[in-house]
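Thanks for sharing this one. Here are some notes to read alongside the coordinates, in the order in which I would look at things.

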Amino acid sequence: MRTYPLEEEERIEKVIRTCKLCYLGMADENGRPYVLPMNFGYEKGVVYLHSAQEGRSISILEKNPQVCITFCTDPGLVWQDEEVACSYRMRAESVICHGKVMFEEDFDEKVKALNIIMHQYSGREFSYSAPAVRNVKIWKVALDKVSAKEFGVPSKNAVRYKDQTQF
């Protein structure tokens, strides 16, 4: 099985839009990694996230706003030979992004970001109360580096998924 880079912007965006969660990694002042699964929205090279106004992640990001965000489609188990352990692999697509978190404070921009996030899951816009908008922390990450791969791609030999589907 093989791994191939994904370079077409449409395919990369499809992977991002297919995901229900992203994983956001940051490093605290001691260099210790801290990774959170998060809901997100994506539009035009920007990832939008939301959280409470305070917490460990906010404290870390105020000191070091650099982040890594990972997206991965639902994996499927594949193998070359059912009897050979080393021939098993997961098949999926992933996108790894880097950027810098900026916190959005403008009320109207926060509403726009919330709608981008909600559109990711519901395909629609919502109305928000003023207290709800004021009390949410909106994170905006303009992506400055993006790499993507498709892994577990079948070779010339037949490959099977766990459910016995053949290619």
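1. Arg56 lies over the face of Tyr34, at 4.1 Å from the ring centre. Please keep in mind that this is a predicted model. A second charge placed over a ring is that of Lys137, which lies over the face of Phe103 at 4.6 Å from the ring centre.

2. Lys137 deserves another look, since this residue also forms a salt bridge with Glu105, with the closest N and O atoms 3.7 Å apart. Glu105 lies in the loop between β8 (88-104) and α3 (107-122) while Lys137 is in strand β9, so the bridge ties together parts that are 32 residues apart in sequence. Are the two partners buried or exposed? Glu105 is exposed, with a relative accessible area of 51%. Lys137 has a relative accessibility of 9% and therefore counts as buried, the limit being under 20%.

3. How many salt bridges does the structure hold? The count is six. One of them joins the side chains of Arg11 and Glu150, at 3.3 Å from N to O. This pair links distant parts of the chain: Arg11 sits in helix α1 (residues 9-18) and Glu150 in strand β9 (residues 137-153), 139 residues apart. Arg11 is partly exposed at 32% relative accessibility, whereas Glu150 is buried, with a relative accessible area of 15%. Do view the pair in its wider setting, too: salt bridges link Arg11, Arg91, Glu93 and Glu150 in a network.

4. Another salt bridge is formed by Arg32 and Asp28, whose closest N and O atoms are 3.8 Å apart. Here Arg32 is partly exposed, with a relative accessible area of 46%, and Asp28 is buried, at 9%.

5. Now to the aromatic residues. A search of the whole structure gives four aromatic pairs. Why is the pair of Phe40 and Phe71 called edge-to-face? The ring centres are 5.0 Å apart and the planes stand at 70°, so the pair falls in that class, for which the angle has to be over 60 degrees. Phe40 belongs to the loop between β3 and β4 (41-43) and Phe71 to strand β6 (residues 66-72), so to speak of a link between distant parts of the chain is fair, as the two are 31 residues apart. Both Phe40 and Phe71 are buried. With Tyr121 added, ring pairs link Phe40, Phe71 and Tyr121 into a cluster.

6. Helix α2 (residues 56-63) is a nice one to view end-on. Its buried residues include Ser57, Ile58, Ile60 and Leu61. Seen down the axis of α2, the buried residues fall within an arc of 160°, so they line one face of the helix. On the face turned away from this buried side, α2 carries the exposed residues Glu62 and Lys63.

7. Finally, a look at the surface. Which residues form a nonpolar patch there? They are Leu21, Tyr23 and Val35, which together have about 260 Å² of accessible area. Of these, Val35 is found in strand β3 (residues 33-38).

Terms used:
Residues numbered from 1 in each chain as written. Predicted model: local features only at pLDDT ≥ 70, side-chain atom pairs only at ≥ 80, totals over all residues. Heavy atoms only, no water. Patch = residues over 30% accessible without salt bridge, like charges linked within 9 Å, V, L, I, M, F, W, Y side chains within 5 Å. Areas by Shrake-Rupley, 256 points an atom, 1.4 Å probe, with all protein chains shown as cover. Salt bridge = Lys/Arg side-chain N within 4 Å of Asp/Glu carboxyl O. Helix = DSSP H or I, 4+ residues; strand = E, 2+ residues; numbered from the N terminus. Phe/Tyr/Trp six-rings, centres within 6.5 Å; stacked < 30°, edge-to-face > 60°. Buried < 20%, exposed > 50% of the residue type's maximum accessible area, 1.4 Å probe, protein only. Lys NZ or Arg CZ within 6 Å of the ring centre and 35° of its normal. Arc of directions from axis to C-beta.
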